[in-house]
Amino acid sequence: MRFVVRLFFGAVAGTLLLLAGAGTANAQYTSSVGLKPSSGQAGSSFTISWNFYPCKGPVTFSWNGTPMWSANATLTETSGTVAATVPGGAQPGTYPVTGTCTNARTGGPLSAGSRFTVTATPTTTPPPPVTTTPPPPATTRPTRPGTTTTPAKPTTTTPAPTTSTPPTTTATTPPATPGTPTTSTTAPKPGELVLDHPSIKPGDALSASGKGCLPGRMVTLVSDGTEVGTAYTDSSGAFTAPVEFTRIEAGPHTVIAECGVRLTGAVDQVVTRSSGGQTGTLVVLVFFVLAGITVIRFR
């Protein structure tokens, strides 16, 4: 009987020791990961809370298997928080967030995890257009029957006396003096060279204006292979330069402007020749010839 009692109490004590050992074995390792918040859009922020024991070295946190964040963990520092950000290119869905460290007792991995849900970016719908209802047309009330309208008195118009206005004398524009050059005030168009006189006489001033050159470029004016003027273009590629011919030759002359591009214009040189002296000499010669014929005739 005593043997049975001892065997019973021994079995009970062994069972209690096994349960205590199992509880101690389960209580010696701790690993957990929490997320706050556990959902959000791509690029949003969240916080990872962790509790690992015993750890040797840092705890590494991975997003969908890719290591991205870490925290220091020791035998005395067994918990903490880590600030994290959802990857900007993450598509809507649920992704695992896993924390892993090295078990200080076994040398194996000690890990725990949670899941984060990436939500879609809301789409903003523009407000509907405002519809304006036009006002109803104005209603004209009809005139009541039996209303007599008095006709207006005829208006007598007295004709105004007619005054004879003397004819207006029109000023006669004197004709232009032959040989006087006309002036051109036409502004040059892009890619055009304009000379302020279509024709000149020796000694007359001549100016050339152009547009369409490169800005800040030196312009060289050439006529018949000879340089006749220079200038510099402004910020818009336009210029104005005096033109001076070194040779006087009657007839049309082409002026070329080199300024990164080539602009062309033309002017006519007019040379006036005096014929008064030759006419007087011819008259004297004719007079003497006629006088000689008369003398010979009357002899």
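Contact here means that heavy atoms lie within 4.5 Å. With that in hand, welcome to a short tour of this predicted model. The protein has 299 residues, 21% of which count as buried, and its secondary structure comes to two helices and 16 strands. Among contacts between residues at least 6 apart in sequence, 50% join residues at least 24 apart.

**Nonpolar cores**

- A good place to begin is Phe 52, which sits among those residues with the most contacts inside the largest nonpolar core, together with Phe 46, Ile 48, Phe 61 and Trp 63.
- That core has 24 residues, and the elements giving two or more residues to it are strand 1 (30–36), strand 3 (45–53), strand 4 (55–63), strand 5, strand 6 (79–85), strand 7 and strand 8.
- Leaving aside neighbours within four places in sequence, Phe 52 touches a run of residues at Thr 30, Ser 31, Ser 32 and Val 33.
- The other contacts of Phe 52 outside that sequence window are Val 59, Thr 78, Gly 99, Thr 100, Cys 101, Leu 110, Ser 111 and Ala 112.
- Another core lies apart from the largest one; this other core has 19 residues, including Leu 195, Ile 200, Ala 208 and Leu 263.

**An open sheet**

- Five strands make up an open sheet with mixed pairing, and their order is 2-8-7-4-5.
- Strand 2 (39–40) and strand 5 (66–71) stand at the edges with a single partner strand each, so one side of each has no neighbour in the sheet.
- Strand 7 (residues 93–103) runs antiparallel to strand 8 (residues 109–118), and 10 bridges link the pair.
- To find one of these bridges in the viewer, look for Gly 93, whose partner in strand 8 is Val 118.

**Backbone details worth a look**

- The peptide bond between Lys 36 and Pro 37 is cis, with omega about -10°, and Pro 37 belongs to the loop between strand 1 and strand 2.
- A cis peptide bond also leads from Tyr 53 to Pro 54, where omega is near -5°; Pro 54 is part of the loop between strand 3 and strand 4.
- Asn 64 is not a glycine, yet its phi is positive, near 55°.
- Asn 64 belongs to the loop between strand 4 and strand 5, and its relative accessible area of 45% makes Asn 64 partly exposed.
- Asp 224, again a residue other than glycine, has a positive phi near 55°.
- The loop that holds Asp 224 runs between strand 12 (218–223) and strand 13 (226–232), and Asp 224 is partly exposed at 46% relative accessibility.

**The cavity**

- If you are checking for enclosed space, the count comes to one cavity of 30 Å³ or more.
- The largest cavity holds about 70 Å³ of space.
- Asp 224 turns up again in the lining of the largest cavity, alongside Ser 223, Thr 226, Val 228, Phe 245, Thr 246, Arg 247, Glu 249 and His 253.
- Sorted by class, this lining has two nonpolar, four polar and three charged residues.

Conventions: Residues are numbered from 1 along each chain as its sequence is written. This is a predicted model: local features need pLDDT of at least 70, side-chain atom pairs count only at pLDDT 80 or more; totals for chains, interfaces and linings use all residues. Side-chain values use heavy atoms; hydrogens and water are left out. Two strands pair if DSSP finds at least two bridges between them. Helices (H or I, at least four residues) and strands (E, at least two) are DSSP runs, numbered from the N terminus. On a 1 Å grid over the protein atoms alone, a cavity is a set of points where a 1.4 Å probe fits but cannot get out, and a pocket is an open set with protein on both sides within 12 Å along at least five of seven lines; lining residues have an atom within 4 Å of a point. Grid points are joined across faces, edges and corners, and a volume is the space filled by probe spheres set on the points. Ala, Val, Leu, Ile, Met, Phe, Trp, Tyr, Cys and Pro count as nonpolar, Asp, Glu, Lys and Arg as charged, and the others, Gly among them, as polar. A nonpolar core is a set of buried Ala, Val, Leu, Ile, Met, Phe, Trp, Tyr and Cys residues joined through side-chain atoms within 4.5 Å. Buried means under 20% relative accessible area, exposed over 50%, partly exposed in between (1.4 Å probe, protein chains only).
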